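Reader: Please examine one part of this structure closely: the place where the domains of a single chain meet. I would then welcome a connected account that sets it beside the other contacts.

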Amino acid sequence: MRPGFTAMPVTRRKLQTTTVLAYVILIGVCFFNLLPFVFMLSTSLKTDQEAYAIPPTFWPKQATLDAYTQVIVWTNFPRYFMNSTIVSLGTALLSTVLGALAGYGFSRFNFRGRGLYMGLVLATQLLPGVLLIGPYFKLLAAVGLYNTYLGLILAFTTITLPFSAWMLKGFIDTVPEEMDHAALVDGCTPLGAFTRVVLPVIAPGMVATIVFAFLLAWGDLLWALVLTSGDDMAMVTLGLSRLVTQFRIVWPQLMAGSVIASVPCMVLYLALQNYLVKGLTAGAVKE
Amino acid sequence: MNRRLRRELSRAVRTPFGSEITGNMNQSLASKVLFRSIRLNTGFAFALPCLLLLLLVLGLPAIMAVANSFTPIWSEVKTFTLDNYTKLLQDKTFWESLQVTIIFVAYTVMLHLALGLVVALALNADIRGIWLFRIIAILPWTIPDVISGLVWRFMYDPTAGIINYFLDRLGVQNPYIEWLAHPRLALPSVILADVWRGYPFVMLILLAGLQAIPKELYEAARVDGASVLQEFRHITVPGLVRMVQVALALDVIWQFRRFGLVYNMTQGGPGNATDILPLAIYRQYFKYFNFEYASAMAVVLAAIMIVISIPYVRMMVKRT
């Protein structure tokens, strides 16, 4: 017996089987994950008649961009797109500014009730939107913010701010405390130390938080449904949902709208996936 | 800015806090005192805007909802009553909704975790072109759930949908199955769509956990002649426990709140086969305008979520 000789092939074989297994799984994943996207795209390129053909076709016989021009020219879709952009951007900025301040306070200062407040901020996620929609709707109507951008922005902030505060606290934790100490010694105020020393260092984390808040607001339906009336204030998600609950669903248009509304999300999420994981699991893995 | 930062950094290194032996002792002591005195209130001041806004847009409506749930329905006079809750206990559709919600959350979370783990393990393998697989694996989670719902609704379409088309191609006789209109099939169909949408997120977190496990551990195990299964059991599983906890907690919370996907696929139907609580509550609020009754339902939902998730909140706070 020469164990030294048998050991090599055994490990190599073992590696190969796991690699083959990984390939099999990943190819399955590609099929499962991409099929709906392919179907969405191919439907958006079909004519109305072809989308309802029995039996259905997988690829469009004659690809056309008609559905895209229809959805852009005939429907209020550009307006939905603009509304979504304004509201999501406002939400992202508001929740990132407030979240960064709170994150800095939680990260650097040990004040009374800190743990309790942090827990409360986190626990706000446990309050489902449907608990708040009724009273919030009444409150907004009472102060005249129903059907306004500001009302929507404040509502979306309920979803995004807890995430923003916790994510940014996680990013600020990674900045050595000595840096802001030095700034304080130099005569900076605590706010100055934060904006001039800490913020530049966590800039990538800030961007990630802004984008994440933007996407959370962009993808939500419940608040858009409850807090707006009329077509001119609808956001993309609501506009698409209205198209699908109409008497006759025009699938190519609907899928074209879906493609347009999805592309920014895909690009942004893919760009920030690493930050996102770090932010959401802050504290779960010891660095 | 950069030069200033560097200067400050170098000074900070020269006079590190908490060590009076090196550097300028007076300055160090003075700044220490300075820090102590501002520590108490400044931190709270930083957190205050965030806390105030949350109180205003979240705390206040939440308190109003709880108060509403204890007032009589459709009544001008605000008196205390338990009527809404006693009615809830006898409401068959509420119990059905609760059951649907629990089935929906339980199955989607379990399947997200199982599929997420398998795919994360595969993506952690040493494979050429892994970045492409990684992008594809995350893709479904990047689009709004409203859109996932729309796409899957069309895929399930009995005549124009792709799923029955494939069944037809595979030789199934008369495959015009009404996936979303069949009382037994609707919920599993919705769950499948949500598994597609949601598992990549769990996968992403678990993959980060896998990559945080030191490679040396596996190398050492390999030298000791451990099998793949033993490596998984004794290195991967213990190294991944925390990430699994976080992923589970976030996923449970999000799944209890899921709305857009089911709203667009079935609106809770057929009957109330897919009527998860958020949909039922929304309907009570804005279709029937039973605000008080809807509040009571929402309070029950929130209570369930809070009870389930308290350990998660405590774990996260303790860790920081």
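Author: In this predicted model, the contact between domain 1 of chain A and domain 2 of chain A takes 10 residues from domain 1 and 10 residues from domain 2. Two elements of chain A, α1 (3–44) and α2 (48–51), each give two or more residues to the side of domain 1 that touches domain 2. The greatest contribution to that side comes from α1(A), which supplies four residues. Sorted by class, this side of domain 1 of chain A holds four nonpolar, three polar and three charged residues. As for the extent of the two domains, domain 1 of chain A covers 3–66 and domain 2 of chain A covers 68–280. Their C-alpha centres are 33 Å apart.

Within domain 2 of chain A one may look at helix α8 (residues 177–185), whose buried residues are A:D180, A:H181, A:A182, A:A183 and A:V185. Just after this helix, A:G187 adopts a positive phi of about 105 degrees.

Chain B offers a counterpart for the domain contact. Its domain 1 spans 2–69 and its domain 2 spans 83–319. Here four residues of domain 1 of chain B meet seven residues of domain 2 of chain B. On the domain 1 side of this contact in chain B there are two nonpolar and two polar residues, with no charged residues.

The overall build of chain B is helical in its assigned elements: 13 helices and zero strands. Of the 320 residues in chain B, 41% are buried. Among contacts in chain B with a separation of 6 or more, 67% join residues 24 or more positions apart.

One helix pair inside chain B can be described in detail. Helix α4 (residues 92–123) and helix α8 (residues 186–212) of chain B pack with their axes 6 Å apart, at an angle of about 45 degrees. Angles of 35 degrees or more that stay below 65 count as oblique, and α4(B) and α8(B) are therefore oblique to each other. Their crossing is right-handed. By class, the contact of α4(B) with α8(B) comprises 20 nonpolar, four polar and one charged residues.

The account then passes to the contact between the chains. It takes 99 residues from chain B and 98 residues from chain A. On the chain B side, helix α2 (residues 25–69) gives the most, with 24 residues. That side of chain B divides into 76 nonpolar, 14 polar and nine charged residues.

A helix pair that joins the two chains is formed by helix α13 (residues 251–280) of chain A and helix α6 (residues 145–155) of chain B, whose axes come within 10 Å and cross at roughly 150 degrees. The crossing of α13(A) with α6(B) is left-handed. From α13(A) the contact draws on A:W251, A:L254, A:S258, A:A261 and A:S262, and from α6(B) on B:I147, B:L150, B:V151 and B:F154. Seven residues of this contact between α13(A) and α6(B) are nonpolar and two are polar, and no charged residues take part.

Methods
Residues are numbered from 1 along each chain as its sequence is written. Chains are lettered from A and ligands numbered from 1 in the order in which they are written. This is a predicted model: local features need pLDDT of at least 70, side-chain atom pairs count only at pLDDT 80 or more; totals for chains, interfaces and linings use all residues. Domain bounds come from an automatic or database domain assignment. Two residues are in contact if their C-beta atoms, placed from the backbone, lie within 7 Å. Ala, Val, Leu, Ile, Met, Phe, Trp, Tyr, Cys and Pro count as nonpolar, Asp, Glu, Lys and Arg as charged, and the others, Gly among them, as polar. Axes are lines fitted to C-alpha atoms, for helices over the stretch in contact, and angles run from 0 to 180 degrees between N-to-C directions. Angles under 35 degrees count as roughly parallel, over 145 as roughly antiparallel, 65 to 115 as roughly perpendicular and the rest as oblique. A crossing is left-handed if the near helix is turned anticlockwise from the far one by less than a right angle, and right-handed if clockwise. A residue is buried if 20 or more other C-beta atoms lie within 10 Å of its own, exposed if 12 or fewer, and partly exposed in between; C-beta atoms are placed from the backbone.
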